[in-house]
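Here is a friendly walk through one protein model, meant for someone who has not met it before. Have a look at the sequence and the 3D view, then read on.

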Amino acid sequence: QVQLVESGGGLVQVGGSLSLSCTASGRTFNKFGLAWYRRAPGQEREFVGRISPGGGLTYFTNDVDGRGTMSRDNAKNTVVLQMKRLKPEDTGVYYCAAGPGDWPNYQYQYWGQGTQVTVSS
């Protein structure tokens, strides 16, 4: 069993940056791919980006590519999403997900409760 807890959300100005952390419990963290998703108000949840178990591979959706970075520290069971040049469209609840598989296909079996990010002008 893996439990994920996100932190770092809040109110950010347009053009600013954010740093979200996801901390996991469980001993299999370093075997899992990790991803960030977000749900904008009134919208479906959408994929933001993923990172491989070792941290060497990352991928972001087109909208975030070039603005986002992701890193993980398996010794601390933590993954961090950083985004810059934030836009109002980045507003939403951000979720961390984890699961087994092979790059780029992971089965995200475990989800956090989410952290709210609001980008305001």
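## The disulfide

With -80° about the S-S bond, the C22 to C96 link is left-handed. A disulfide here is a pair of cysteine sulfur atoms within 2.5 Å, and the sulfurs of C22 and C96 sit 2.2 Å apart. The structure has one disulfide. C22 belongs to strand β3 (residues 18-24) and C96 to strand β9, so the link ties together parts that are 74 residues apart in sequence. Strands in this report are DSSP runs of E with at least two residues, helices are runs of H or I with at least four, and both are numbered from the N terminus. C22 and C96 are each buried, where buried means under 20% relative accessible area, exposed means over 50%, and partly exposed is in between (1.4 Å probe, protein chains only).

Before going further, a word on where this comes from. This is a predicted model, in which local features need pLDDT of at least 70 and side-chain atom pairs count only at pLDDT 80 or more, while totals for chains, interfaces and linings use all residues. Residues are numbered from 1 along each chain as its sequence is written, and side-chain values use heavy atoms, with hydrogens and water left out.

## A four-stranded sheet

Strands of a sheet pair through backbone hydrogen bonds, either parallel or antiparallel. Here, four strands make an open sheet in the order β1-β3-β8-β7, with antiparallel pairing. Two strands count as paired if DSSP finds at least two bridges between them. β1 (4-7) and β7 stand at the edges with a single partner strand each, so one side of each has no neighbour in the sheet. From one strand to the next, the twist averages 15°; the angle is taken between N-to-C directions, from 0 to 180 degrees, using axes that are lines fitted to C-alpha atoms (for helices, over the stretch in contact).

Zooming in on one pair, β7 and β8 run antiparallel and are joined by six bridges. G68 stands opposite M83 in β8.

## Charged partners

Side chains of opposite charge can pair when their charged atoms come close. A salt bridge is counted when a side-chain nitrogen of Lys or Arg lies within 4 Å of a carboxyl oxygen of Asp or Glu. By that rule, there are six salt bridges. Three of them are listed here.

| Salt bridge | Closest N and O atoms |
|---|---|
| E46 and R38 | 2.6 Å |
| D90 and R38 | 2.9 Å |
| R67 and D90 | 2.8 Å |

What do R67 and D90 link? They connect distant parts of the chain, 23 residues apart: R67 is in the loop between β6 (58-60) and β7, and D90 is in the loop between β8 and β9. Both R67 and D90 are buried. Through shared partners, salt bridges join R38, E46, D63, R67, K87 and D90 into one network.

Is R38 buried or exposed? R38 is buried, with a relative accessibility of 4%, whereas its partner E46 is partly exposed at 36%. The other partner of R38 mentioned above, D90, is buried too. D90 lies in the loop between β8 and β9 while R38 is in strand β4 (residues 33-39), so this pair ties together parts that are 52 residues apart in sequence.

## The nonpolar cores

A nonpolar core is a set of buried Ala, Val, Leu, Ile, Met, Phe, Trp, Tyr and Cys residues joined through side-chain atoms within 4.5 Å. The largest one has 26 residues, and L4, W36, V79, L81 and Y94 have the most contacts inside it. Elements giving two or more residues to this core are β3, β4, β5 (45-51), β8, β9 and β13 (115-120). β3 gives the most, with four residues.

Leaving aside neighbours within four places in sequence, L4 touches a list of residues including C22, C96, Y110 and W111, where contact means heavy atoms within 4.5 Å. A second, separate core has six residues, among them A35, Y37, F47 and A97.

## Backbone oddities

Some loop residues are worth a look too. W103 and P104 are joined by a cis peptide bond, with omega about 0°. P104 is in the loop between β10 (101-102) and β11 (105-106).

N77 is a residue other than glycine with a positive phi, near 55°. N77 sits in the loop between β7 (68-73) and β8 (78-83) and counts as buried at 17% relative accessibility. R85 also has a positive phi, near 50°. R85 is in the loop between β8 and β9 (92-99), and at 45% relative accessibility R85 is partly exposed.
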